[in-house]
Amino acid sequence: MQSRLRVQGHPIQPMLVTFPFGLFVCAAVFDLADVAGGPAFLGEVGYWTAVAALVAAGLTTVAGMVDLWDVRAGRTSRTVLMFNLVNAVMAALFLLSCLIRASAPQRGANGVLLAAEIVALGVGAVGVALGARLMQQFDRVTEPAGFEPFADVPAGSTVEIARPRPY
């Protein structure tokens, strides 16, 4: 399976998915500290971290939908659909938490919202496992492993590096 969105031959969506998941984990840690009796600003930080994670999840979902168009029916398509569904469930649980907290004067979490976030992280862990399986199903990268900027220059050619002209 080849991804339509690639950087140096590697699919973008698996790279992007680490951002929302990491931010969701950070938000849950801040909320745990808030519920455990930490300073009140930790709940606010947890809220805004979850909001940033939701934005990142939206961008990741767009990249996932682009990749979904190219997947042929079969085992890989089922894995891709399940991967996107699991990540959507995780994001939906955090979205619910953010919507409940948005109208409160203090945006701190309570025990019920923290429990929902922990369940969402458990669902996200399933998504991580599915993402690892997907990475194994992607075609191997055929580009050189190292950074070779002049690999296409024929032997014996000269390369001139000029300084930029001032404006």
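In the predicted model, Trp 48 is partly exposed, as its relative accessible area is 45%, a value that lies between the limits of 20% for buried and 50% for exposed residues. Its aromatic partner is Tyr 47, and the two rings form an edge-to-face pair with 4.9 Å from centre to centre and 80° between the planes. The angle exceeds the limit of 60 degrees, over which a pair counts as edge-to-face. Tyr 47, by contrast with the partly exposed Trp 48, has a relative accessibility of 7% and therefore counts as buried.

A pair of aromatic rings is described by the distance of the centres and the angle of the planes. The count of such pairs in the model comes to two. Besides the pair of Tyr 47 and Trp 48, the rings of Phe 24 and Phe 94 are paired, with centres 4.2 Å apart and planes at 20°, so this arrangement is classed as stacked. The pair connects distant parts of the chain, for Phe 24 belongs to helix H2 (residues 18–35) and Phe 94 to helix H4, with their positions 70 residues apart. Phe 24 and Phe 94 are both buried.

Phe 94 also takes part in the surroundings of Glu 117, a residue of helix H5 (residues 111–137). With a relative accessibility of 1%, Glu 117 counts as buried, because the limit for this class is under 20%. When neighbours within four places in sequence are left aside, the residues in contact with Glu 117 are Ala 27, Ala 28, Asp 31, Phe 94, Ser 97 and Arg 101.

A further buried position is Thr 60, which has a relative accessibility of 5% and is located in helix H3 (residues 41–68). The side chain of Thr 60 comes to 3.4 Å from the backbone oxygen of Leu 16. Leu 16 is likewise one of the residues that Thr 60 touches once those up to four places away in sequence are excluded; the others are Gln 13, Val 17 and Pro 20.

At the surface, Met 82, Leu 85 and Val 89 make up a nonpolar patch of about 250 Å². Of these residues, Leu 85 lies in helix H4, which spans residues 75–102. Helix H4 is also the element that holds Phe 94 of the stacked pair, and Phe 94 is buried, whereas Leu 85 contributes to the surface patch.

Note on methods. Residues are numbered from 1 along each chain as its sequence is written. Side-chain values use heavy atoms; hydrogens and water are left out. Patches are made of residues with over 30% relative accessible area and no salt bridge: like charges are joined within 9 Å, nonpolar side chains (Val, Leu, Ile, Met, Phe, Trp, Tyr) within 5 Å. Accessible areas come from the Shrake-Rupley method with a 1.4 Å probe; for residues, only the protein chains shown count as cover. A salt bridge is a side-chain nitrogen of Lys or Arg within 4 Å of a carboxyl oxygen of Asp or Glu. Helices (H or I, at least four residues) and strands (E, at least two) are DSSP runs, numbered from the N terminus. Buried means under 20% relative accessible area, exposed over 50%, partly exposed in between (1.4 Å probe, protein chains only). A polar contact is a pair of N or O atoms within 3.5 Å; within protein, one must be able to donate a hydrogen and the other to accept it, and residues adjacent in sequence count only if both atoms are side-chain atoms. Contact means heavy atoms within 4.5 Å. Rings of Phe, Tyr and Trp (its six-membered ring) pair if their centres lie within 6.5 Å; planes under 30 degrees apart count as stacked, over 60 as edge-to-face and the rest as tilted.
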